[in-house]
There are 2 protein chains.
Amino acid sequence: MNGFRAGPIAIVGCGLVGRAWAMVFARAGRQVRLYDANEALLQAAPGLLAEGLRDLEQSGLIESADAALARIVVAPNLKSALDGAVYIQESVFERTDVKREVFAAMDGLISPEAIIGSSSSGIPASEYTAGCACRARCLVAHPVNPPHVVPVVELVPAPWTTPETVAAVRTLMEEVGQVPVALTREIDGFLINRLQAVLLMEAWRLVEDGYATVEDIDRTISDGLGPRWSFMGPFETIDLNAPGGVADYARRLGPLYQRIASSCTEHRTWDEPLIAKVEHQRRQQLPADQLQQRSAWRDRRLMALALHKRERDAADAAAK
Amino acid sequence: MNGFRAGPIAIVGCGLVGRAWAMVFARAGRQVRLYDANEALLQAAPGLLAEGLRDLEQSGLIESADAALARIVVAPNLKSALDGAVYIQESVFERTDVKREVFAAMDGLISPEAIIGSSSSGIPASEYTAGCACRARCLVAHPVNPPHVVPVVELVPAPWTTPETVAAVRTLMEEVGQVPVALTREIDGFLINRLQAVLLMEAWRLVEDGYATVEDIDRTISDGLGPRWSFMGPFETIDLNAPGGVADYARRLGPLYQRIASSCTEHRTWDEPLIAKVEHQRRQQLPADQLQQRSAWRDRRLMALALHKRERDAADAAAK
């Protein structure tokens, strides 16, 4: 079979992440059903989705906000949301007992071939799908926030998830324009948070030990390493940084990197004095009452960057 | 004093990095003198600089390649290159004995207030400036390659470098449009390579342990974490990722990140079987004979991204 089965997509949990997923599927032409046990959140969703889709349209990332919005409906209850759905994106609150409860409820209601992906950013699927009859068709499908602007989705199978399930969700995510990456098995933090964690831990350590300011460490990334990483990964970066490619690079610089890594193994915690130090430096740069405004700025910049990348990719493809 | 002293800039060492520095200073309106003990390299420099500046002009990053090129002259010898120079960017081969020799030679020739910045990516200035009379005015000024496209420059003082020297080079770098970041003292790998090292070591570990492919780890960055990091650092990223800012974020997610970091402390080396595994996966994506072409693609993408960032920054500033 080429492509993911036709049929509606259900979004269970309509917070920020669930709504972003709704936009991802709807703009790609899929029918979307929303459900949330919180009635107020569910009723607020269409209005918020209209705003979000309008932002995408204004940024040039989609043709028509109205057309996408027309594909999204609010379901009166969980049963109705799941009825005939071929894929369910679970996006409820990140707590094991909450997820376990909603997976148990979905287990009795989904179609025999339906797949459930969880937006869980840290709790592996094995912790809340063990008792489900459908557990072979459950996995984590974790996005970077917000998924309608940042395309990566990491697919993390539980020990009982079938390879066909991972492959099918990979296909679906590609079809709707996301960038799926797959783990072979569960690990703390998956890929995204592990890579972010090691970088953050070193950044905090450098501030704690007084080597540099928060602002200068941020600039080291935003005006140094980050631009390359926004269109190439770390492996491709080093592959292009030595005449003989990655193996050449690894032999030249591996010993230095291993020495640096060995000097970072002492356990550190972010205790309150350290948190206060970082917080103080950030508030010098951005007062607390401007956090929300700056987050909106970040989303606009991410959308502009997404458009820039799309245009460059198209130009590169045309040049071939 | 506001601003860096007027006067010519000397570039000592005319390889890729030295030539990129020449473009940085010349396009900002500074007079530049080139010197290299390798006569062939020195004579080839103006032609290569003309090409490099034309690329910048075609990318829309500078007004006139010819105007910048007209500010660059080749010096007949080291003495003539340094005569009256207010700042020297040393960019010779990365080996302690080579750097020590060139610093000793420069020590007797520079003006009494001239400052020398070394492009050294890993060897701290204390290892080759200890015996110099001018050592208080020497430091590392390490760029990301290539500095005429990626603006960050990390300033690393030796124990004897005066704070005034660091402050003056910071001012100079800002004046010529680079983004200086300062360390308070020397540390293995400085900021850039430390942050890159911890991320690379974890990426290689995930491949070694079979969690994911090289390609999927690259996508996790290029389509996940990297876009945000191309215009915000890691601290600002997490500051905007919790309602109460960075302190709120640190209290919520610190324990997870510390647990992840603690699980990465086992020492790993990139041995030959692992290098072969990574090399094999990269060569599936990019044959060795296309490395050079892909590096040219990377530079074009970096220039396009630099222009995109400049335009967005200007639009943001105008909207205020």
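This report walks through a predicted model of two chains, A and B, and the contact between them.

## Confidence

Let's begin with how far the model can be trusted. Chain A has a mean pLDDT of 96, with 99% of its residues at 70 or more. For the complex, the predictor reports an ipTM of 0.97 and a pTM of 0.96.

## Domains of chain A

The domain assignment splits chain A into domain 1, covering 9-182, and domain 2, covering 192-285. Between the C-alpha centres of these two domains of chain A there are 32 Å.

## How the two chains are related

Two copies of a chain are related by a rotation about an axis and a shift along it. Here, a turn of 180 degrees with a shift of 0.0 Å along the axis lays chain A on chain B, with an RMSD of 0.0 Å. That is the relation of a two-fold axis. If you would like a landmark for the axis, look at A:T265: in chain A, its C-alpha is the nearest to the axis, at 2.5 Å. Both copies use the same surface, as 100% of the contact residues of chain A recur in chain B.

## The interface

Chain A brings 90 residues to the contact, and chain B brings 90 residues too. On the side of chain A that touches chain B, two strands, β7 (152-157) and β8 (179-182), each supply at least two residues. So do the helices α8 (192-208), α9 (214-229), α10 (234-239), α11 (245-262), α12 (272-285) and α13 (291-319) of chain A. The most comes from α9(A), which gives 15 residues to this side.

What is the make-up of the side of chain A that touches chain B, by nonpolar, polar and charged residues? It divides into 49 nonpolar, 22 polar and 19 charged residues.

## A closer look: α8(A) and α11(B)

One helix pair across the interface is worth following in the viewer. The axes of α8(A) and α11(B), the latter spanning residues 245-262 of chain B, come within 9 Å and cross at roughly 90 degrees. That crossing makes α8(A) roughly perpendicular to α11(B).

Which residues meet where α8(A) and α11(B) are in contact? From α8(A) come A:N193, A:R194, A:A197, A:V198, A:L200 and A:M201. Facing them in α11(B) are B:L256, B:Y257, B:I260 and B:A261. By class, this contact of α8(A) with α11(B) holds 8 nonpolar, 1 polar and 1 charged residues.

Terms used. Residues are numbered from 1 along each chain as its sequence is written. Chains are lettered from A and ligands numbered from 1 in the order in which they are written. This is a predicted model: local features need pLDDT of at least 70, side-chain atom pairs count only at pLDDT 80 or more; totals for chains, interfaces and linings use all residues. Copies are superposed by least squares on the C-alpha atoms of residues with pLDDT of at least 70 in both. Two residues are in contact if their C-beta atoms, placed from the backbone, lie within 7 Å. Helices (H or I, at least four residues) and strands (E, at least two) are DSSP runs, numbered from the N terminus. Ala, Val, Leu, Ile, Met, Phe, Trp, Tyr, Cys and Pro count as nonpolar, Asp, Glu, Lys and Arg as charged, and the others, Gly among them, as polar. pLDDT is the predictor's confidence in each residue, from 0 to 100. Axes are lines fitted to C-alpha atoms, for helices over the stretch in contact, and angles run from 0 to 180 degrees between N-to-C directions. Angles under 35 degrees count as roughly parallel, over 145 as roughly antiparallel, 65 to 115 as roughly perpendicular and the rest as oblique. Domain bounds come from an automatic or database domain assignment.
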